[in-house]
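Reader: Before I look at a pair of packed helices, could you show me how to read such a feature with care?

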Amino acid sequence: QQQQQQQHDAEQHLQHDQTTTYFNHGDRQTEAFVFVDNSNIFIGAQLDGNVRDLSVRVNIRALCETIEDGLPCVFRAVAGSNPSSGRIWHEWENNNYRTVVDRGNDGTMHTIISQQINQGTPPPPGVLRSLVLATGDGNDIEGVDSFPKLAEMAMQAGWEVRVWSWEQSISGKFKELKARFRDQMIIRFLDPYKDVITFKAGQSPKMSPEVSRRRSGANDRYGNSHGNSRQGDVGSQKQHHNHQKQQQQQ
């Protein structure tokens, strides 16, 4: 019965936008499917070592701009376990995200991702599909594939995968995948953007365009650029072709 409920919930979210413009990915174009683990990202934003600062909030618009990174998105969804957080869900919906309630972490989101990866419709000729995961969670859930397993499934199907996570929160399973799929997987940390994508309760969030200005010069503590090139990968120096040139032409 639980699996039937997961299937039903997933089917309610499967339709994606029909009008799409494409991002030039070297000699290929990209269409992105973006999935956000709301609880993981919000809790990670509040953690500093073993201390959790409950006054920290996330600027959802700035977060969206960061993880989407200029890619055309044909599907966006965010999952969380607290539907009573009406303001947060409304903000996600304002940024064109479908909201998915994981009842007791039941894996509804995982089922939706799996169905998107295994959809019967192939991408248009010359188009690369990109799975964007905003989570560091590598835990297994009974009856569904974990986020790392879904990432592996996508890459085996010819997709690229981009993982955004707080450095402290990322599972070692993602790093293991990166070692196996170096040319298909990108891991980026949110930490260099923390002062832009977070704010304290009672304060106003910063303007989201600041994310774009900071992106060109942000570096993590390893010296990896977190700009629009693939130099922002963890453990990869392969550049993401033509993105900055396209932006300048636009």
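Author: What follows treats confidence and then one helix pair. This is a predicted model, in which local features need pLDDT of at least 70, side-chain atom pairs count only at pLDDT 80 or more, and totals for chains, interfaces and linings use all residues. Residues are numbered from 1 along each chain as its sequence is written, and side-chain values use heavy atoms, with hydrogens and water left out.

Reader: What is the mean pLDDT of the protein?

Author: Where pLDDT is low, the predicted coordinates should not be read in detail. The mean pLDDT (the predictor's confidence in each residue, from 0 to 100) is 78, and 69% of the residues reach 70 or more. Over residues 10–24 the pLDDT is below 50, and over residues 219–250 it stays under 50.

Reader: How do helix 6 and helix 7 cross?

Author: Two packed helices are described by the angle between their axes and the distance between the axes. Here the axes (lines fitted to C-alpha atoms over the stretch in contact, with angles from 0 to 180 degrees between N-to-C directions) of helix 6 (residues 147–156) and helix 7 (residues 172–180) come within 9 Å and cross at roughly 20°. The two helices (DSSP runs of H or I, at least four residues, numbered from the N terminus) are therefore roughly parallel (angles under 35 degrees) to each other.

Reader: Which residues of helix 6 are buried?

Author: Phe147, Pro148, Leu150, Ala151, Glu152, Met153, Ala154 and Met155 are buried (under 20% relative accessible area, 1.4 Å probe, protein chains only) in helix 6. With 8 of its 10 residues buried, helix 6 is therefore largely enclosed by the rest of the structure.

Notes:
Contact = heavy atoms within 4.5 Å. Parallel < 35°, antiparallel > 145°, perpendicular 65-115°, else oblique. Buried < 20%, exposed > 50% of the residue type's maximum accessible area, 1.4 Å probe, protein only.
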